[in-house]
Amino acid sequence: MRIGIDLHNHSCLSPCAHQNMLPSLLALEASERDIKILALTDHNSGRNLPAFAEACEMVGMVGVFGCEVNTIEEVHMLALFEDVHVASDFCFYIESLLPRIRNVINIFGQQTVVDIRGKILEEVTTSLYGAANISVDQLVNQVNNLGGMVIPAHIDRLANSLTANLGFVPDLPYAAVEAIRVPCHVEVHGKTVIQGSDAHYLEHIGRRCCYIDADEANYPALVNALANSAIFYRGS
Amino acid sequence: MTYEKLVTALQYRLVADGDRQAVIEDAYAGDLLSDVMGNANQDSVLITIQAHKNTVAVASLVQIHLIVLCNDRKAPEDMRTAATEQNIAICETTDNQFVAAYKIARLLGKV
């Protein structure tokens, strides 16, 4: 059966996302749009993963946990894990690799950590917008060693992508690559191409979800489908 | 001018050896490697802060003989190994890209 997946979404913790992007609303809204496997991937941080995990459990969503790392090459890469605790630890490590620059709220927006009800628990004062001191190659190695998955984000975008910043997609053990438009004409070395909503606003949720062919909605089925290119796009 | 003469004149730290016979004719400053790939001339020096091995891959495509890493960025071991394999030299400096570009432009007779 076809199972809706969306592996690229932001919450109110990401400086560029809307403050009403509560992790709980993300899970709820995605579930209403028939997505069964959903990831939260804030910029360089995983501080809203606990609320997201709780919300996923409440709405019967298979949560995938991680962040969108801005590497030293200023390339955006999704680092994803099955386990929320492993993901949280890894995301704190990524945060520790960021330059200590204070966020400027009126330019970049707020960076709020919330609970499942949307109550603000903390405002992150260090800018999450910077580049973490980790290379693409190092990130792929470290995440894979922890049992996670790396998916280069929006490889066909003209900013913060492998194609734009490096000029090519290095042939590394990614679980898949994410493109905004399919079919994607970038050389991806046979990797599975997925789409992701990169939702920063509630109305973005599900806009570029895609589907896997699997018997059940769970993390191993996702990994298997990505490895076997068992992917369908919207409208296909 | 060979890269050795250039690096000696600049007093930059050479951290990977390259093609000693290659003559450097031009230079390009850039951190967006897709731009470097599209616009750098062959037989150039690349002035950049991109201290990772993918810079070597791009340099080899456009026949860049020397990568100058600015702002005291250090070439990681895998970058130095890749550079040695591709016969591309790497040097490091505390100069920023503007200062390095000016010094190199003078040495190459571009200004």
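In what sense do strand β10 of chain A and β11(A) pair, parallel or antiparallel, and over how many bridges? I would like to start there, with the reminder that what we are looking at is a predicted model. Strand β10, which covers residues 210-213 of chain A, pairs with β11(A) in the antiparallel sense, and the pairing runs over three bridges. Within this part of the chain, A:Tyr211 of the model stands opposite A:Phe232, the latter being a residue of β11(A).

Let me now place that pair in its sheet. The two strands belong to an open sheet of seven strands in chain A, whose order is β7-β4-β3-β2-β1-β10-β11 and whose pairing is mixed. At the edges we find β7, residues 149-152, and β11, residues 231-233, each of which pairs on one side only. Neighbouring strands of this sheet are turned against each other by 30° on average, if direction is ignored. As a general reminder, the strands of a sheet pair through backbone hydrogen bonds, and they may do so either parallel or antiparallel.

Next, the helices that lie across these strands. Helix α2 of chain A, residues 49-59, lies across β2 (35-43) and β3 (62-70), and runs at about 155° to β3(A). Helix α7 of chain A, residues 219-227, lies across β1 (2-6), β2, β3, β4 (76-81), β7, β10 and β11, running at about 50° to β7(A).

I turn now to a pair of helices in chain A. The axes of helix α3, residues 84-96, and helix α5, residues 136-145, come within 12 Å and cross at roughly 155°. Since angles over 145 degrees count as roughly antiparallel, α3(A) and α5(A) are therefore roughly antiparallel to each other. The crossing in which α3(A) passes α5(A) is right-handed. On the side of α3(A) the contact is made by A:Phe90, A:Tyr93 and A:Ile94, and on the side of α5(A) by A:Leu139, A:Gln142 and A:Val143. Sorted by character, the residues of this contact are five nonpolar and one polar, with no charged residue.

Finally, a few words on chain B. Chain B has five helices and five strands, which follow the pattern α-β-β-α-β-α-β-α-β-α when read along the sequence. Its C-alpha trace spans about 35 × 25 × 25 Å along the principal axes. For 111 residues, a compact globule would have a radius of gyration near 13 Å, and the 12 Å of chain B therefore agrees with that expectation.

Note on methods. Residues are numbered from 1 along each chain as its sequence is written. Chains are lettered from A and ligands numbered from 1 in the order in which they are written. This is a predicted model: local features need pLDDT of at least 70, side-chain atom pairs count only at pLDDT 80 or more; totals for chains, interfaces and linings use all residues. Side-chain values use heavy atoms; hydrogens and water are left out. Two strands pair if DSSP finds at least two bridges between them. Helices (H or I, at least four residues) and strands (E, at least two) are DSSP runs, numbered from the N terminus. Axes are lines fitted to C-alpha atoms, for helices over the stretch in contact, and angles run from 0 to 180 degrees between N-to-C directions. Contact means heavy atoms within 4.5 Å. Angles under 35 degrees count as roughly parallel, over 145 as roughly antiparallel, 65 to 115 as roughly perpendicular and the rest as oblique. A crossing is left-handed if the near helix is turned anticlockwise from the far one by less than a right angle, and right-handed if clockwise. Ala, Val, Leu, Ile, Met, Phe, Trp, Tyr, Cys and Pro count as nonpolar, Asp, Glu, Lys and Arg as charged, and the others, Gly among them, as polar. The radius of gyration is taken over C-alpha atoms; the globule rule is 2.2 Å times the number of residues to the power 0.38.
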